[in-house]
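Please look through the structure below slowly, turning it as you read. The paragraphs after it will lead you from one part to the next.

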Amino acid sequence: MTRLADYLFAIVIAMWVGALWAIGFMAAPVLFQQLADRMLAGAIAGKLFTIVAWLGIGSAVYALLYLMMREGVGVLRSAVFWIVLVMLVLTLVGQFGVTPIMEGLKSQGVSRDIMAGVLRDRFMMWHGISSVLYLAVSVLGVALVTQTFRR
């Protein structure tokens with residue numbers, strides 16, 4: 001492997017995990033704290049989470065290819081490989097499984113009055129699932145950084 005590929009791997013991991021933590025645990029809470037309109041805050045946060053998901057998908061694909069090329073079959077014994085793979089799967093579940101359900105519920109309850117009933121309860125349940133997935137990916141991200149850079 002080239003040094004460029006090695007450096008790019010480190011940069012990709014740092015950007016992915018940094019974005020997870022910066023958006024999920026700094027930017028999104030600030031949006032809800034500072035904006036009076038919670039629907040607007042949610043819409044902006046949703047866009048940011050989508051960007052982080054796509055960054056994560058791209059980062060995971062590069063990281064997995066890099067690890068497979070570097071280690072061959074031995075990659076299956078690598079904790080870093082499995083952490084990246086689980087992070088990717090959880091990100092895909094969130095982005096293509098949970099997010100569309102939440103968006104569908106929001107579109108059904110366009111006004112705040114409708115979102116106060118059953119749709120709100122369903123939305124909150126799926127939002128909770130989304131939050132747990134995001135937290136799991138974020139914690140795995142810390143494990144990924146510590147495993148990757150422990151040398």
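What follows is a walk through helices, aromatic rings, a surface patch and a salt bridge.

This is a predicted model, in which local features need pLDDT of at least 70 and side-chain atom pairs count only at pLDDT 80 or more, while totals for chains, interfaces and linings use all residues. Residues are numbered from 1 along each chain as its sequence is written, and side-chain values use heavy atoms, with hydrogens and water left out.

A good place to begin is helix α4, which covers residues 118-148; helices here are DSSP runs of H or I with at least four residues, strands are runs of E with at least two, and both are numbered from the N terminus. The expected span of a helix is 1.5 Å times one less than its number of residues, so the 31 residues of α4 should span 45 Å, and this agrees with its end C-alpha atoms, which are 45 Å apart. Several residues of this helix are buried, among them L119, F123, L133, Y134, V137, G141 and L144, where buried means under 20% relative accessible area, exposed means over 50%, and partly exposed is in between, as judged with a 1.4 Å probe and protein chains only. The cover over the buried residues of α4 includes α1, α2 and α3, the last of these being residues 79-108.

One residue of α4 lets us look at this cover in detail. L144 is found in helix α4 and is buried, with a relative accessible area of 0%. What does L144 touch, if residues up to four places away in sequence are not counted? Its contacts (heavy atoms within 4.5 Å) are with I13, V17, V80, I83, V84 and M87. The C-alpha atoms of L144 and A79 are separated by 8.4 Å, although these residues are 65 residues apart along the chain, and those of L144 and W82, 62 residues apart along the chain, are separated by 9.4 Å. A79 has its place in helix α3, and with 38% relative accessibility A79 counts as partly exposed.

We can now turn to the aromatic rings. A pair of aromatic rings is described by the distance of the centres and the angle of the planes. Here the rings of Phe, Tyr and Trp (its six-membered ring) pair if their centres lie within 6.5 Å, and planes under 30 degrees apart count as stacked, over 60 as edge-to-face and the rest as tilted. The structure holds seven aromatic pairs. One of them is formed by F25 and Y134, a tilted pair with 6.1 Å centre to centre and 55 degrees between the planes. Because F25 lies in helix α1 (residues 3-34) and Y134 in helix α4, this pair ties together parts that are 109 residues apart in sequence. F25 is partly exposed, with a relative accessible area of 36%, whereas Y134 counts as buried at 17%. The pair of Y62 and Y66 is stacked, with 6.1 Å centre to centre and 25 degrees between the planes. Y62 and Y66 are four residues apart in helix α2 (residues 38-71), so about one helical turn separates them. Y62 is partly exposed, with a relative accessible area of 23%, and Y66 is buried, with 5%.

Ring pairs also link W21, F25, F49 and Y134 into a cluster. W21 is found in helix α1 and counts as partly exposed at 33% relative accessibility. On the surface, W21 and F25 join L135, V139 and V142 in a nonpolar patch of about 420 Å². The elements that give two or more residues to this patch are α1 and α4, and α4 gives the most, with three residues. Such patches are made of residues with over 30% relative accessible area and no salt bridge, with nonpolar side chains (Val, Leu, Ile, Met, Phe, Trp, Tyr) joined within 5 Å and like charges within 9 Å.

The last feature concerns charge. Side chains of opposite charge can pair when their charged atoms come close. A salt bridge is a side-chain nitrogen of Lys or Arg within 4 Å of a carboxyl oxygen of Asp or Glu, and a search of the whole structure finds one. R70 forms a salt bridge with E71, and the closest N and O atoms are 2.4 Å apart. R70 is partly exposed, with a relative accessible area of 33%, and E71 is partly exposed, with 28%.

Methods. Accessible areas come from the Shrake-Rupley method with a 1.4 Å probe; for residues, only the protein chains shown count as cover.
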